[in-house]
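Work through the exercises below with the structure open beside you. Try each task before reading its solution.

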2 protein chains.
Amino acid sequence: MLVNQKAERMSLTERVYGALKQEIFDFALLPGDRFTEKEVAERMSASRTPVREALTLLQREGFVDVLFRAGWQVKPFDFHKFDQLYELRIILEQAAVRKLCEMDGKPDLDALKNFWLVAASDRQDDGPTVREADERFHIHLVEACGNEEMARVHHNITERLRIIRRIDFTQRPRIEATYQEHAKILRTIIKRRAEQAQLLLKSHIEESQAEVRKITLHMLHEARQTQSPPRSA
Amino acid sequence: MLVNQKAERMSLTERVYGALKQEIFDFALLPGDRFTEKEVAERMSASRTPVREALTLLQREGFVDVLFRAGWQVKPFDFHKFDQLYELRIILEQAAVRKLCEMDGKPDLDALKNFWLVAASDRQDDGPTVREADERFHIHLVEACGNEEMARVHHNITERLRIIRRIDFTQRPRIEATYQEHAKILRTIIKRRAEQAQLLLKSHIEESQAEVRKITLHMLHEARQTQSPPRSA
DNA sequence: GAATATCATCATGTATGCAAGATGGTATTC
DNA sequence: GAATACCATCTTGCATACATGATGATATTC
């Protein structure tokens, strides 16, 4: 699980920061939800000061908005932003893959090979497990290319997209496709065919993006249908 | 001048945040300098609370470090980090230029053309002026490509590099070279020759990077020579 | 004189207090 | 009944108070 780092020697601000972000990822706080510093402080058994510092950070990172003297809000879905983040993600990962292919030594991709280049019978088929592994796959690609700043930026983008990407692994065929595409990308990188690896990666991400968009629109449509009668009294 | 945005309706936290960052850019706070929250609070006529919030943000963005119960420190020079940031900057700007060349409509580059595509007699030759225009040139390229998230990330990187880039415009030949290279890049983008524009941009940034490194090493060398006798008593 | 132990001072991390203003419900008016 | 005015409540932004522990100067010991 991608839970908090070591709890030892961590400031309250950091703990609250991580907990709030996790609540957003888990949909415990839904996009558009409003809340107050006091609520959060009580829920996390802290005072408003560390809560405010955590919220200030989350605001800067685009997870929440502050409403002047009127509470806070989980940033509502913004598909335009998601598209921009996907595009940026592709740019960074393509650059990372190119670097990996042109690296002097051999890039360290063992962890990825051990998970993704396995016999069909050894594959995981649990949605959440594969989703997490998928995220690690892409993060690892960027980390392996050796540019820490690039990895940091990419990590932030990944977190911003996490809320929406989890939708992609609710269906079995997508898991299958992910295995095949990741395997192909890895093999192409190992063969150091930069151009092709970049193309494969781009298609892979864009397919996932398209799938997410499709399902999201479907969900929104259904939600609208279901909740249509707001009050029957 | 790249001074604070409108002072009206800006929180103290934001004001302190901007002022501190500007002090770092202006070398009023030197890399490695240590300071306390109380000092800053008094200097900015604020309490520690907004100062802390501003510092928390600056820490997350890599401008300062906190020393547990022992004050704060302006992040010392780290040339390895600078190299990584330069590399990331090239990746983003190359992607932006490609987008500009492949855009449907005509990209909005008028402001850049008006400054950089002028007769030699109309050129600016003041170091700081050209330095600022240079920064705007690169920022504008990324903004013009239309991806706001990309522009945001690129803007942050630009600010992290600002401290060191100003060194590049202390010499007349570099100003001359900047004019010629920017002009060439602009013309190539207008002609929509993506590949060549990317190459020109990369060379341009790397030349500037090399120049900065050369001068910095020279300055460090001189500084070391000058300050060699730490105490003569 | 050099090294170590001690202690007052100071720094951050956190909690709490306070003021200006936004909000939502209620009473009032037409 | 609908629209408006009013008021108590709540929320953030900022200032201040306090506790723990890091630091550096001083005293002590060999």
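**Exercise 1. Polar contacts between the protein chains**

Task: How many residue pairs are in polar contact across the interface of chain B and chain A, and which elements of chain B take part in that interface?

Solution.
- Step 1. This is a predicted model. Counting pairs with both residues at pLDDT 80 or more, there are 18 residue pairs in polar contact across the interface of chain B and chain A.
- Step 2. Now list the elements. On the side of chain B that touches chain A, two or more residues come from each of α3 (48–60), α4 (79–102) and α7 (148–165) of chain B.
- Step 3. Rank them. α4(B) gives the most, with 10 residues.
- Step 4. Sort that side of chain B by class. It divides into 10 nonpolar, five polar and 12 charged residues.
- Step 5. Look for charge pairing. There are 12 salt bridges between chain B and chain A. One of the side-chain pairs in a salt bridge is Glu148(B) with Lys81(A), at 3.7 Å from N to O.

**Exercise 2. The area of the interface**

Task: How much area do chain B and chain A bury between them, and which residues of chain B lose the most?

Solution.
- Step 1. The size of an interface is often given as the accessible area lost when the parts come together.
- Step 2. Here chain B and chain A bury about 2,500 Å² between them. Carbon and sulfur atoms hold 54% of that area.
- Step 3. In chain B, the most area is lost to chain A by Glu53(B), Arg60(B) and Glu149(B). Together they make up 23% of what that side buries.
- Step 4. Count the contacts. Chain B puts 27 residues in contact with 27 residues of chain A.

**Exercise 3. A helix pair in chain A**

Task: At what angle do α1 and α7 of chain A pack, and which residues meet?

Solution.
- Step 1. Two packed helices are described by the angle between their axes and the distance between the axes.
- Step 2. For α1 (residues 12–25) and α7 (residues 148–165) of chain A, the angle is about 35°. Their axes are 9 Å apart.
- Step 3. From α1(A) come Lys21(A), Ile24(A) and Phe25(A). They meet Glu159(A), Arg162(A) and Ile163(A) of α7(A).
- Step 4. By class, this contact has three nonpolar, three charged and no polar residues.

**Exercise 4. DNA strand C**

Task: Which residues come nearest to DNA strand C, and which parts of the strand face the protein?

Solution.
- Step 1. Of 19 residues around DNA strand C, the nearest are Leu12(A), Ser47(A), Thr49(A), Arg69(A) and Arg52(B).
- Step 2. Take the atoms of strand C within 4 Å of the protein. Sugar or phosphate accounts for 60% of them, and bases for the rest.
- Step 3. Check the protein backbone. A backbone N or O atom of Leu12(A) is 2.7 Å from a phosphate oxygen of strand C. For Glu37(B), a backbone N or O atom is 3.2 Å from a phosphate oxygen of that strand.
- Step 4. Name the main contributor. α3(A) gives the most to the surface near strand C, with three residues.

**Exercise 5. DNA strand D**

Task: Which atoms of DNA strand D do Arg48(A), Arg52(A) and Ser47(B) approach?

Solution.
- Step 1. A polar side-chain atom of Arg48(A) lies 3.0 Å from a base nitrogen of strand D.
- Step 2. For Arg52(A), a polar side-chain atom is 2.7 Å from a phosphate oxygen.
- Step 3. For Ser47(B), a polar side-chain atom is 2.6 Å from a phosphate oxygen.
- Step 4. Sort the surface near strand D by class. It has nine nonpolar, six polar and six charged residues.

Note on methods
Residues are numbered from 1 along each chain as its sequence is written. Chains are lettered from A and ligands numbered from 1 in the order in which they are written. This is a predicted model: local features need pLDDT of at least 70, side-chain atom pairs count only at pLDDT 80 or more; totals for chains, interfaces and linings use all residues. Side-chain values use heavy atoms; hydrogens and water are left out. Axes are lines fitted to C-alpha atoms, for helices over the stretch in contact, and angles run from 0 to 180 degrees between N-to-C directions. Helices (H or I, at least four residues) and strands (E, at least two) are DSSP runs, numbered from the N terminus. Contact means heavy atoms within 4.5 Å. Ala, Val, Leu, Ile, Met, Phe, Trp, Tyr, Cys and Pro count as nonpolar, Asp, Glu, Lys and Arg as charged, and the others, Gly among them, as polar. Buried area is the accessible area (1.4 Å probe) that two parts lose on being put together, summed over both. A salt bridge is a side-chain nitrogen of Lys or Arg within 4 Å of a carboxyl oxygen of Asp or Glu. A polar contact is a pair of N or O atoms within 3.5 Å; within protein, one must be able to donate a hydrogen and the other to accept it, and residues adjacent in sequence count only if both atoms are side-chain atoms. A residue is near a molecule or strand if one of its heavy atoms lies within 4 Å of it.
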